[in-house]
Amino acid sequence: MIAGADGWVAVSSYGRAKEKWLTEILDLENRIPSHDIFGHVFSMINIEQFSECFSRWVKELSALSKGEIISLNGK
């Protein structure tokens with residue numbers, strides 16, 4: 001969930017609503033992707049590899065923060 005968006009249509013709609021701000025921080029040559037593109041790209045993610053990378057990233061954050069709590073919320 002991103003900013004209350006609970007599906008790819010809502011994620012794409014959020015992107016279009018925030019396009020001006022997003023283009024300041026991202027290179028969006030082809031504008032905001034459609035909900036179909038978001039769905040397709042995320043469906044290609046290998047869940048096991050993502051889980052492994054995410055776990056490694058969280059461990060690195062923990063080491064950088066010297067064990068302080070870092071709150072992560074979302075999926």
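# Chatting through helices, rings and salt bridges

User: Hi! Let me start with one residue: is E52 buried or exposed?

Analyst: E52 is exposed, with a relative accessible area of 51%, and the cut-off for that word is over 50%. Please keep in mind that this is a predicted model.

User: Thanks! Which side chain does E52 meet in a salt bridge?

Analyst: That would be R56, at 3.7 Å from N to O. R56 counts as partly exposed because its relative accessibility is 42%.

User: Where do R56 and E52 sit?

Analyst: Both belong to helix α4, which covers residues 47–64. They are four residues apart there, so about one helical turn separates them.

User: How many salt bridges are there by this rule?

Analyst: The count comes to two. Besides the pair in α4, the side chains of E19 and R31 meet at 3.2 Å, N to O. E19 lies in helix α2 (residues 19–25) and R31 lies in the loop between α2 and α3, so this salt bridge ties together parts that are twelve residues apart in sequence.

User: And what about accessibility, is E19 buried or exposed?

Analyst: E19 is buried, at 14% relative accessible area. Its partner R31 is exposed, at 56%.

User: New topic: aromatics. How many aromatic pairs does the structure hold?

Analyst: There are four. One of them joins W8 and F38: the ring centres are 6.2 Å apart and the planes are at 10°, so the pair is stacked. W8 is in helix α1 while F38 is in helix α3, so this pair links parts that lie 30 residues apart in sequence.

User: Why the distance and the angle together?

Analyst: Because a pair of aromatic rings is described by both: how far apart the centres are and the angle of the planes.

User: OK, is F38 buried or exposed?

Analyst: F38 is buried, with a relative accessible area of 19%, where the limit is under 20%. W8 counts as partly exposed, at 36%. W8 also pairs with F42, with centres 4.7 Å apart and planes at 25°, so that pair is stacked too. Here W8 in α1 meets F42 in α3, so parts 34 residues apart in sequence are tied together.

User: What do the ring pairs link W8, F38 and F42 into?

Analyst: A cluster. As for F42, it is partly exposed, with a relative accessible area of 43%.

User: How do the axes of α1 and α3 cross?

Analyst: They come within 8 Å and cross at roughly 120°. That makes α1 oblique to α3, and the crossing is right-handed.

User: Which residues meet between α1 and α3?

Analyst: From α1 you have W8, V9, V11 and S12, and from α3 you have H35, F38, G39 and F42. So the residues of the ring cluster, W8, F38 and F42, are among those meeting between the two helices.

User: S12 caught my eye. Where is S12 found?

Analyst: S12 is in helix α1, which spans residues 8–17. With 2% relative accessibility, S12 counts as buried.

User: What does S12 touch?

Analyst: Leaving out residues up to four places away in sequence, S12 touches I32, P33, S34, H35 and F38. Two of those, H35 and F38, are on the α3 side of the contact with α1.

Terms used:
Residues numbered from 1 in each chain as written. Predicted model: local features only at pLDDT ≥ 70, side-chain atom pairs only at ≥ 80, totals over all residues. Heavy atoms only, no water. Buried < 20%, exposed > 50% of the residue type's maximum accessible area, 1.4 Å probe, protein only. Contact = heavy atoms within 4.5 Å. Salt bridge = Lys/Arg side-chain N within 4 Å of Asp/Glu carboxyl O. Phe/Tyr/Trp six-rings, centres within 6.5 Å; stacked < 30°, edge-to-face > 60°. Axes fitted to C-alpha atoms, helices over the stretch in contact; angles between N-to-C directions. Parallel < 35°, antiparallel > 145°, perpendicular 65-115°, else oblique. Left-handed = near helix turned anticlockwise from the far one by under 90°.
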